[in-house]
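Grab a coffee and work through these short exercises with the model open beside you. Try each task yourself before reading on.

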Amino acid sequence: MTAFNIIKSLTRRGNVVVGSGCYAAAIGSNDPNNIIKIGNSITDPWLDYYHLVIKLNQGNPHVPKVKYFMCDAEHNYYICIMERLENEGWNPVVELCKDYTTRMITREEFVNIAKLHSEAIPCANTLANILDKIHNHTEVFEREYTNEFDVDSRLLDMHAGNFMYRDGVVVVTDPWCENDMSDLVDVSDWVDRSLYKTTSTSW
Ligand SMILES: Nc1ncnc2c1ncn2[C@@H]1O[C@H](COP(=O)(O)OP(=O)(O)O)[C@@H](O)[C@H]1O
Ligand SMILES: [Mg+2]
């Protein structure tokens, strides 16, 4: 519950929740260029993404730029301050990235199709390099095969909410979830139910 207490105290100080998902909430920082991501479980495969891809590829425009990271295993939460990115309602490159990550299309096909999206993908090989790393560390590629894998296997979770934009350039923010998430307290449900209820009565 530590993550929820941190989220609560930040919002009481006036910081705004700018987005939330199953594992984490993104909260506006005092610096408008950054957000504070608070993760509610250290089983979140985003931690693998951070260690295996984000941290090692800070010069690649298709991963988020991280300013600060800490993980507290004892209290089961993590905090990451990273650049603030934009959501797009309709995201034309998600299916393309998913098709390449799952090897439905070749790298050559990916590069050719990416030319149609040159604002989001200014250099297709740079994005393909990130998608290759994601491919190499993905354990379950399709939800229909989840039964064949351990509960904590990394399941590919490429949908529009897990891709964001920096000045029009696509950034892969959160490519995996756990194969089985049934034990999880969903952070976005908690934000909707508890956070807004408690803050509106205490203000
Ligand atoms: N860098 C960011 N800038 C702005 N909002 C973000 C950023 N990262 C995440 N978010 C918001 O927080 C939500 C949850 O973050 P995400 O990394 O997808 O975690 P989860 O594992 O909970 O899905 C996203 O859907 C998005 O709305
Ligand atoms: Mg997400």
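**Exercise 1: the sheet**

In what order do the five strands sit in the open sheet, and is the pairing parallel or antiparallel?

Solution. Bear in mind that this is a predicted model. Start by tracing the sheet from one side to the other: the order is 1-2-3-5-4, and the pairing is antiparallel. Next, look for strands that pair on one side only; these edge strands are strand 1 (17-20) and strand 4 (66-72). Finally, check the turn between neighbours: ignoring direction, neighbouring strands are turned by 15° against each other on average. As a reminder, strands of a sheet pair through backbone hydrogen bonds, either parallel or antiparallel.

**Exercise 2: strand 3 and its partners**

Work out how strand 3 is joined to strand 2 and to strand 5.

Solution. Take strand 2 (residues 24-28) to begin with: this strand pairs with strand 3 in the antiparallel sense over five bridges. The two make a hairpin, with five residues between them. For a landmark, find Ala-24, whose bridge partner in strand 3 is Gly-39.

Now turn to strand 5 (residues 77-83), which runs antiparallel to strand 3 and is joined to it by six bridges. Two residue pairs help you line these strands up: Ile-38 stands opposite Ile-79, and Ile-35 has Met-82 as its bridge partner.

Is strand 3 largely enclosed or not? Count its buried residues: five of the six in residues 34-39 are buried, so strand 3 is largely enclosed by the rest of the structure. Part of the surroundings is helix 1 (residues 2-12), which lies across strand 1, strand 2, strand 3 and strand 5. Helix 1 runs at about 150° to strand 3.

**Exercise 3: two helices that cross**

Describe how helix 3 packs against helix 5, from the geometry down to the residues.

Solution. Geometry comes up front: helix 3 (residues 94-101) and helix 5 (residues 124-137) have axes 9 Å apart and pack at an angle of about 55°. That angle makes helix 3 oblique to helix 5. The crossing is right-handed.

Then list who meets whom. Helix 3 brings Cys-97, Tyr-100 and Thr-101, while helix 5 brings Ala-128, Leu-131, Ile-134 and His-135. Sorted by class, this contact has five nonpolar and two polar residues, and no charged ones.

**Exercise 4: Leu-96**

Is Leu-96 buried or exposed?

Solution. Find the residue: Leu-96 is in helix 3. Count its C-beta neighbours inside 10 Å; there are 24, and the cut-off for buried is 20 or more, so Leu-96 counts as buried. Then ask what it touches. Setting aside neighbours within four places in sequence, Leu-96 is in contact with Phe-110, Ile-113 and Ala-114. For a sense of distance, His-62 is 34 residues away from Leu-96 in sequence and 14 Å away in space, C-alpha to C-alpha.

**Exercise 5: positive phi**

Place Asn-76 and Arg-103, and say how exposed each one is.

Solution. Start with Asn-76, which lies in the loop between strand 4 and strand 5. Its phi is near 60°, a positive value in a residue other than glycine. With 16 C-beta neighbours inside 10 Å, Asn-76 counts as partly exposed.

Move on to Arg-103, in the loop between helix 3 and helix 4 (107-114). Phi is positive here too, near 65° for Arg-103. Because Arg-103 has 10 other C-beta atoms within 10 Å, Arg-103 is exposed.

Terms used. Residues are numbered from 1 along each chain as its sequence is written. Chains are lettered from A and ligands numbered from 1 in the order in which they are written. This is a predicted model: local features need pLDDT of at least 70, side-chain atom pairs count only at pLDDT 80 or more; totals for chains, interfaces and linings use all residues. A residue is buried if 20 or more other C-beta atoms lie within 10 Å of its own, exposed if 12 or fewer, and partly exposed in between; C-beta atoms are placed from the backbone. Helices (H or I, at least four residues) and strands (E, at least two) are DSSP runs, numbered from the N terminus. Two strands pair if DSSP finds at least two bridges between them. Axes are lines fitted to C-alpha atoms, for helices over the stretch in contact, and angles run from 0 to 180 degrees between N-to-C directions. Angles under 35 degrees count as roughly parallel, over 145 as roughly antiparallel, 65 to 115 as roughly perpendicular and the rest as oblique. A crossing is left-handed if the near helix is turned anticlockwise from the far one by less than a right angle, and right-handed if clockwise. Two residues are in contact if their C-beta atoms, placed from the backbone, lie within 7 Å. Ala, Val, Leu, Ile, Met, Phe, Trp, Tyr, Cys and Pro count as nonpolar, Asp, Glu, Lys and Arg as charged, and the others, Gly among them, as polar.
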